[in-house]
Amino acid sequence: MKLRDFPEHAKEAHTSIAKRAKMSLDEFMGHFGDWDCEPVNVHGKPVGAILSSGPVMHACISGQYGHWGKKHMLKMFHDRIDQHGFVRTSVAEGNRIGEAFVRRLGFEEVGRAQGIIQSEVRHGH
């Protein structure tokens, strides 16, 4: 399923990154609308989505939800590593929650540019 198929999750995913990314919901959907989507709910309420396109993944979850369905994200994560040999993501510098999250998953920094940290995890890590 694609992000565009989950409008409430898309709205929450956009809200989770809007302050850092400074893009409108229309711009967000223009960029991510056709990405694969694993919708995330907490207590039946949409709180965001795990988005992926090729080896690139992003967790766009409202910050107030620390415990969400990580099992689904981990399956998607491992499937992408199996398929591509690696997974890449990016986190805004200073987003301590995001930085800690990707480190816990085994991502290692591979570069920085314009306030964005690029990280990858490779097959076998």
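**Contacts, cores and helices in a predicted model**

Glutamate 109 touches Ile117, Gln118 and Ser119, when residues up to four places away in sequence are set aside. The residue lies in strand E5, which spans residues 108-113. In this predicted model, glutamate 109 is partly exposed, with a relative accessibility of 44%. Glutamate 120 is 11 residues away along the chain, and the two C-alpha atoms are separated by 6.5 Å.

The chain contains 4 helices and 6 strands. Read from the N terminus, the order of elements is α-α-β-β-β-α-β-α-β-β. The radius of gyration is 14 Å, close to the 14 Å that the globule rule gives for 125 residues, so the chain is as compact as a globular protein of that length. Along the principal axes, the C-alpha atoms fill a box of roughly 35 × 30 × 25 Å. Buried residues account for 41% of the 125 residues. Among contacts with a separation of 6 or more, 51% join residues 24 or more positions apart. The exposed area of the chain is about 7400 Å², and carbon and sulfur atoms supply 51% of that area.

In soluble globular proteins, nonpolar side chains tend to be buried together. Here, the largest nonpolar core holds 17 residues. Ile50, Met57, Met73, Phe77, Val87 and Phe107 have the most contacts inside this core. Two or more residues come from each of strands E1 (36-42), E2 (45-53), E3 (56-61) and E4 (86-92), and likewise from helices H3 (70-84) and H4. The largest share, 4 residues, is that of H3. A second core is separate and has 12 residues, including Leu3, Phe28, Phe32 and Leu51.

Valine 87 illustrates the packing of the larger core. Beyond its neighbours within four places in sequence, valine 87 is in contact with Pro55, Met57, Phe77, Arg80, Ile81 and Phe107, and also with Ser119, Glu120 and Val121. Phenylalanine 86 is placed in strand E4. This residue is buried, at 14% relative accessible area. With residues up to four places away left out, phenylalanine 86 touches Pro55, Arg80, Ile81, Glu120, Val121 and Arg122. Pro55, Arg80, Ile81, Glu120 and Val121 thus appear in the contact lists of both phenylalanine 86 and valine 87. Methionine 1 lies 85 residues from phenylalanine 86 in sequence, and the C-alpha atoms of the pair are 22 Å apart.

Helix H1 covers residues 7-21 and has a kink of about 35° centred on threonine 15. Its buried residues are His9, Ala10, Glu12, Ala13, His14, Ser16 and Ile17. The cover over these buried residues includes helix H2 (25-32) and strands E1, E2 and E3.

Helix H4 comprises residues 96-104, of which Gly98, Glu99, Phe101 and Val102 are buried. Viewed down the axis of H4, these buried residues fall within an arc of 160°, so they line one face of the helix. An α-helix has 3.6 residues a turn, so residues three or four places apart point the same way. Arg96, Ile97, Arg103 and Arg104 are exposed on the face of H4 turned away from the buried side. Glycine 106 follows H4 and has a positive phi, near 100°.

Positive phi values also occur outside glycine. Lysine 22 comes just after H1, with a positive phi of about 50°. The residue sits in the loop between H1 and H2. Lysine 22 is exposed, with a relative accessible area of 69%; the cut-off for exposure is over 50%. Histidine 43 is not a glycine either, yet its phi is positive, at about 55°. This histidine is in the loop between E1 and E2. Histidine 43 has a relative accessible area of 84% and is exposed.

Notes:
Residues numbered from 1 in each chain as written. Predicted model: local features only at pLDDT ≥ 70, side-chain atom pairs only at ≥ 80, totals over all residues. Heavy atoms only, no water. Buried < 20%, exposed > 50% of the residue type's maximum accessible area, 1.4 Å probe, protein only. Arc of directions from axis to C-beta. Core = buried A, V, L, I, M, F, W, Y, C linked by side-chain atoms within 4.5 Å. Contact = heavy atoms within 4.5 Å. Rg over C-alpha atoms; globule rule 2.2 N^0.38 Å. Areas by Shrake-Rupley, 256 points an atom, 1.4 Å probe, with all protein chains shown as cover. Bend = angle between axes of the 7 residues up to and from the residue.
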